Amino acid sequence: MKVRNDAAFVVDSRLNLYEQQASVNPNMPLRDLYYVVEELKKIAPPGRLHRRAKVRIPAPKFVVFYNGRAKQPERQVYRLSGLFFGEEKEPELELKVTVININPGYSRELLEKCESLRGYTVFVNKARDKKICGVKPGEAVREAVDECISEGVLADFFRENREEIVEMGVYEFNQEVYDEVLREDGEMIGTLKAIENLMDTLKW
């Protein structure tokens, strides 16, 4: 999940870039800008841009499926202009990323229409629940895969790709723990710094 761009494909003259995120990431517009430039270089090699004729390219669309634990709205839009140093009323460069919350209780209509996405959320929540109950990440992912197969949740897909799913799932859940530790460390450092500043003030 963290190793590669999840999915980029052209459908009906539109370049769709879809990604899954388990963490809140307002930097996605900038990341997707990097992604789309690389994809467009393949579709329209730079050497073709010096011609007088227009170079036609597919219209890009950016979507992030969010399934992290932090509370987020059902749908929101991140904008590249939101990362600029100053506010631009009419930014000359803009990129919008639609973030769709696929956690339980959200985006029900979408999940009802998309079996693959619904099955993925079932798998992730099974693995997370097991990890919360103390099961080691590797075993939690394996048990979640086995349960999905026995319950008929994307069973063929899980059977065919079991080893890769377990490997990537272990990496993702370990990354989640790692990110949580970093966040806690950052909060602790901030608290200690605040205490240090307060002590300096009192000494003064």
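Leucine 154 sits in the loop between helix H4 (137-151) and helix H5 (155-160), where helices are DSSP runs (H or I) of at least four residues, strands are DSSP runs (E) of at least two, and both are numbered from the N terminus. Although leucine 154 is not a glycine, its phi is positive, at about 50 degrees. This loop residue counts as buried because its relative accessible area is 17%; buried means under 20% relative accessible area, exposed over 50%, and partly exposed in between, with a 1.4 Å probe and protein chains only. The model is predicted, so local features need pLDDT of at least 70 and side-chain atom pairs count only at pLDDT 80 or more, while totals for chains, interfaces and linings use all residues. Residues are numbered from 1 along each chain as its sequence is written, and side-chain values use heavy atoms, with hydrogens and water left out.

As for the overall layout, the chain has 6 helices and 5 strands, and along the sequence the pattern runs β-β-α-β-β-β-α-α-α-α-α. Of the 204 residues in the chain, 33% are buried. The accessible surface comes to about 13900 Å², as given by the Shrake-Rupley method with a 1.4 Å probe, where for residues only the protein chains shown count as cover. Carbon and sulfur atoms hold 54% of that surface. Among contacts (heavy atoms within 4.5 Å) between residues at least 6 apart in sequence, 61% join residues at least 24 apart.

Strand E2 (residues 14-21) offers two glutamines to look at: glutamine 21 is found there, and glutamine 20 lies in E2 too. Glutamine 20 is buried because its relative accessible area is 8%. Its side chain makes polar contacts with two others, those of asparagine 67 at 2.8 Å and tyrosine 120 at 3.4 Å. A polar contact here is a pair of N or O atoms within 3.5 Å; within protein, one must be able to donate a hydrogen and the other to accept it, and residues adjacent in sequence count only if both atoms are side-chain atoms. Glutamine 20 and isoleucine 100 are 80 residues apart along the chain, with 9.6 Å between their C-alpha atoms.

Glutamine 21 counts as buried because its relative accessibility is 5%. Its side chain makes a 3.1 Å polar contact with the side chain of glutamate 19. Beyond its neighbours within four places in sequence, glutamine 21 is in contact with Met28, Arg31, Val64, Phe65, Tyr66, Asn67 and Gly68.

Glutamine 21 turns up again in the lining of the largest cavity, together with Ser23, Val24, Asn25, Met28, Val64, Tyr66, Gln72, Gln76, Tyr78 and Val99. Strand E3 (59-66) and strand E4 (75-79) are the elements that give two or more residues to this lining. On a 1 Å grid over the protein atoms alone, a cavity is a set of points where a 1.4 Å probe fits but cannot get out, and lining residues have an atom within 4 Å of a point. The structure holds 1 cavity of 30 Å³ or more, and the largest encloses about 60 Å³ of space. Grid points are joined across faces, edges and corners, and the volume is the space filled by probe spheres set on the points. By class, the lining has 6 nonpolar, 5 polar and no charged residues, with Ala, Val, Leu, Ile, Met, Phe, Trp, Tyr, Cys and Pro counted as nonpolar, Asp, Glu, Lys and Arg as charged, and the others, Gly among them, as polar.

Next comes threonine 98, found in strand E5. With a relative accessibility of 17%, threonine 98 counts as buried. Setting aside neighbours within four places in sequence, threonine 98 is in contact with Phe62, Val63, Val64, Arg75, Gln76 and Val77.

The loop between strand E5 (96-101) and helix H2 (108-113) holds tyrosine 106, and serine 107 lies in the loop between E5 and H2 as well. Tyrosine 106 touches Lys71, Gln72, Pro73, Glu74, Asn101 and Leu111, not counting residues up to four places away in sequence. With lysine 71 there is a side-chain polar contact of 3.4 Å. Tyrosine 106 and glutamate 74 are 32 residues apart in sequence, and their C-alpha atoms are 5.8 Å apart. Serine 107 is not a glycine, yet its phi is positive, at about 50 degrees. Serine 107 counts as buried because its relative accessibility is 8%.

Definitions and conventions
1 Å grid on protein atoms, 1.4 Å probe; cavity = no way out; pocket = protein on both sides within 12 Å on 5 of 7 lines; lining within 4 Å.
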